[in-house]
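Here is a short briefing to read with the structure open beside you. Let's go through the contacts between chains and then look at a few spots inside them.

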Amino acid sequence: MKIVAVGGGKGGTGKTAIAVSIAKMFAIKRKILLVDLDVDNPCTYTLLSSKPEIIKEIYAFKPKILEDKCKLCGKCVEYCPVHALVLIPSKKILFIKTLCESCGNCMIVCPEGAIKEDKAVIGWIKEDKMDNLHLIVGEAKPGERKTDEVMTETIEYVEKIAENYELLIFDVPPGTGRGIYDAFKLADLVVTVTEPTMLGFHDLKKLYSLIRSMNKKSIAIINKYGLKGGVQDEQEEFLRNNRVQYEKIPYDEYMVKAYVSGETVVEAYPDSPSARSIKKIVKNLEKIMFRSA
Amino acid sequence: MNIEIVVASGKGGTGKTFISSNFSYFLNKKGFNVLAVDADVEAPDLILALGDVKKILYEENFEGQVVDIDYSKCLRCGACVETCRFNALSMSDEGPVVDYNFCEGFGTCALVCPVQAIYLKPAKRGRIFAAISNTGIPVVTGDLDIGEKNSGLLVYRIRELAKEYSFKFNARLIVIDAAPGIGCPVISSLVGARLLVIVVEPTPQSLKGAMRLKELADKLNIQSLAVINKYNLNPSFTRTIVDALNVEILGKIGYDDKVVESYTLMKPILETYPESKISSNLETIFKRILERLSL
Amino acid sequence: MVTSMGWSGRGYSRGRGGMWGYQAPMPQIPPPPSGSIRIVAPVDFSNGLNSPISMRTGRAPYIAVVDVSGGKIVNVNIVQNAAATAPRGAGVQLGQWILNIGASIVIAVSLGPNIDMVLRQVGVRVELVPPGTILGDALAKLGFVK
């Protein structure tokens, strides 16, 4: 079983559309698991016209204050680094759930042992099965701060079922935090998707700092190649200097049209230049991952 | 006294930066002294949308804290490794090792160390800076180090720096490009603002985010107005938004490759395609905002 | 799980604050004199009763603490707001301090969701005023001072 992580810049680079396209194309012949780790705003399922259902809840540690043991000494309030606890004088300890970082300091410092470990839902794991393509989505509760935790738990869940599939594809959100690190750690190959804009380049450089430090094999895809005024030349030079193999998907009107209609360009305009490049990329990936033509 | 206008969206990727950069450009062209603030530090593209940096005027480090271990006291008992809920500690032959990619600096490990060998120390998490962009508009923004996240405090510091520079540039209007979502960095972007412009795109998630944002603004006694961006992605849902979102809709903007191109060229569309339909819709919207502010 | 009560304050929690980590604590001030009510207002700069009430609360630069008795001002104390430097939960930290110092009234322009919740817990009375209001005028207008 092979694992590919598709990472890249913020919304609009086309990373999710590419991850979904790769998944769908591989799924013609192989059993594929696509994992949406963009827990704040998962959108793989809209491109797949899928309605995944909740199969598991994800929890984080939250303190529970045992009021009969609590002596209102206020030590927990003092040691909470994010002020999620308030001492209401002579009354009780108030817990502000939305600020809690689940560090556990309060539980440790309470001299009365009046704080015990409780948990709260911070997100869900959802699933949908569509023939050869199975979809798992990690989704964080809206406004939830602990998105890395939601990602990490989704990854742990998926690790347990991964052996049933020939290929596992992680759709990783932009950024360089904990959840992304965990997905890259498992991957045999990291596919980075970028676009030839300054922000895209800024994000690409940051991502490669992480990839280099993890010593991961990677391939870059410059999406929307040929965009007027784009910095593709600088990006190509950067990738060459870092000895990273890269592919290009040309910018064409069909990509925009497909985005507007909510489909992947491979389905909507299969003969367009962008769609043909994606198919070529998938053939290359097939060779790399499975060493076959 | 300055007037702060916040452009936010409740859900990422809707086009806040597109709106806030063009709004800043519009105000500047109309003769207002404007200062642009990018509170979305994890994706600092406001200055890019305004032509990139021409000159940096000021910069400073933004710090947080992390733990460190005094190995001369350490017993290698492993209590710290077991306690850390962020997996930032692991045991090696030399003793426990801190992974600074994950250490949040909460110090739970320090609390369980039987010999107090762990202490907190400051650490650079990013930087904030003030610069002039190539469109001539001053911008205050920041940049985060790998693995770091935005926070209410960081946005607060950026806004403080912005206020300072607004005096230097005699800028009465401050346009703030908020972070996505409705968390702490957004609240920190909103408090004390005069007006909120909600950017919503025609998807159910975006509408939900916009409604939550409106609730937040109501609680903070801030007036809200809305703009529907990329309306052609789903014209029928656009109508749903008009009904569901209890906020004055200033107008609708379409999405096409002129938007993508302008963004790549790092120029506001008002500069690259001033005669386009998108530009004229933007101008109508911006004129309305000025009317609501009595300016 | 806890092998020793390391939180007793030795070593790591000293330094810039005396409180946990590097964040400065809110200042200590004496309780309100008996027979007086304590009013708190976030202000933009320190100028006694002429201080303008700040548009921000949790991260306002200064906090004014006014003790009033029988329509007369007994004390005016303007302190730096250490909560402004809190990485998160500034409003909560300020709210906690307001409870600790025995204030029963808060005058502000607007309250963030967290501080609002904290103050509600003990029924602290909140009076909202327009931005730019001067502290002394607010006290008079609201009838605390004759």
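**Where the chains meet, and what lies inside**

Between chain C and chain B, about 2,400 Å² is buried, with 59% of that on carbon and sulfur atoms. Please keep in mind that this is a predicted model. The contact between chain A and chain B buries about 3,500 Å², and carbon and sulfur atoms give 60% of that area.

**Chain C against chain B**

- Chain C brings 25 residues to this contact, while chain B brings 31 residues.
- Sorted by class, the residues on chain C's side are 13 nonpolar, seven polar and five charged.
- Two salt bridges are found across this interface.
- If you would like a pair to look up, Arg56(C) and Glu160(B) form a salt bridge, with their closest N and O atoms 3.0 Å apart.
- Polar contacts between chain C and chain B come to one residue pair, counting pairs with both residues at pLDDT 80 or more.

**Chain A against chain B**

- Here chain A contributes 45 residues and chain B contributes 39 residues.
- Three salt bridges are counted between these two chains.
- A salt bridge joins the side chains of Lys228(A) and Glu261(B), at 3.3 Å from N to O.
- Nine residue pairs are in polar contact between chain A and chain B, again with both residues at pLDDT 80 or more.
- On the chain A side, at least two residues each come from helix H4 (105–109), helix H5 (147–161), helix H6 (178–186), helix H7 (198–214) and helix H9 (253–261).
- H7(A) gives the largest share of that side, with five residues.
- By class, the chain A side has 21 nonpolar, 13 polar and eleven charged residues.

**Chain C on its own**

- Chain C has three helices and five strands, and along the sequence they run β-β-β-α-β-α-β-α.
- Chain C is 146 residues long, and 53% of these count as buried.
- Of the contacts in chain C between residues at least 6 apart in sequence, 54% link residues at least 24 apart.
- The exposed area of chain C is about 6,300 Å², with 54% supplied by carbon and sulfur atoms.

**A helix covered by three chains**

- Which residues of helix H2 (residues 113–121) of chain C are buried? They are Asn114(C), Ile115(C), Asp116(C), Val118(C) and Leu119(C).
- From chain C itself, the cover over these buried residues of H2(C) includes helix H1 (90–100), strand E4 (105–108) and strand E5 (125–128).
- The other two chains take part as well: the cover includes strand E4 (85–88) and strand E5 (92–95) of chain A, along with helix H7 (204–219) of chain B.
- After H2(C) comes Gly123(C), which has a positive phi near 65 degrees.

**A loop aspartate in chain B**

- Asp40(B) sits in the loop between strand E2 (34–38) and helix H2 (46–49) of chain B.
- Is Asp40(B) buried or exposed? Asp40(B) counts as buried because its relative accessibility is 7%, and the cut-off for buried is under 20%.
- Setting aside neighbours within four places in sequence, the residues in contact with Asp40(B) are Lys16(B), Asn150(B), Asp177(B), Ala178(B), Ala179(B) and Pro180(B).

Notes. Residues numbered from 1 in each chain as written. Chains lettered and ligands numbered in written order. Predicted model: local features only at pLDDT ≥ 70, side-chain atom pairs only at ≥ 80, totals over all residues. Heavy atoms only, no water. Contact = heavy atoms within 4.5 Å. Buried area = accessible area lost by both parts, 1.4 Å probe. Salt bridge = Lys/Arg side-chain N within 4 Å of Asp/Glu carboxyl O. Polar contact = N/O pair within 3.5 Å; in protein donor to acceptor, adjacent residues only side chain to side chain. Helix = DSSP H or I, 4+ residues; strand = E, 2+ residues; numbered from the N terminus. Nonpolar A, V, L, I, M, F, W, Y, C, P; charged D, E, K, R; others polar. Buried < 20%, exposed > 50% of the residue type's maximum accessible area, 1.4 Å probe, protein only. Areas by Shrake-Rupley, 256 points an atom, 1.4 Å probe, with all protein chains shown as cover.
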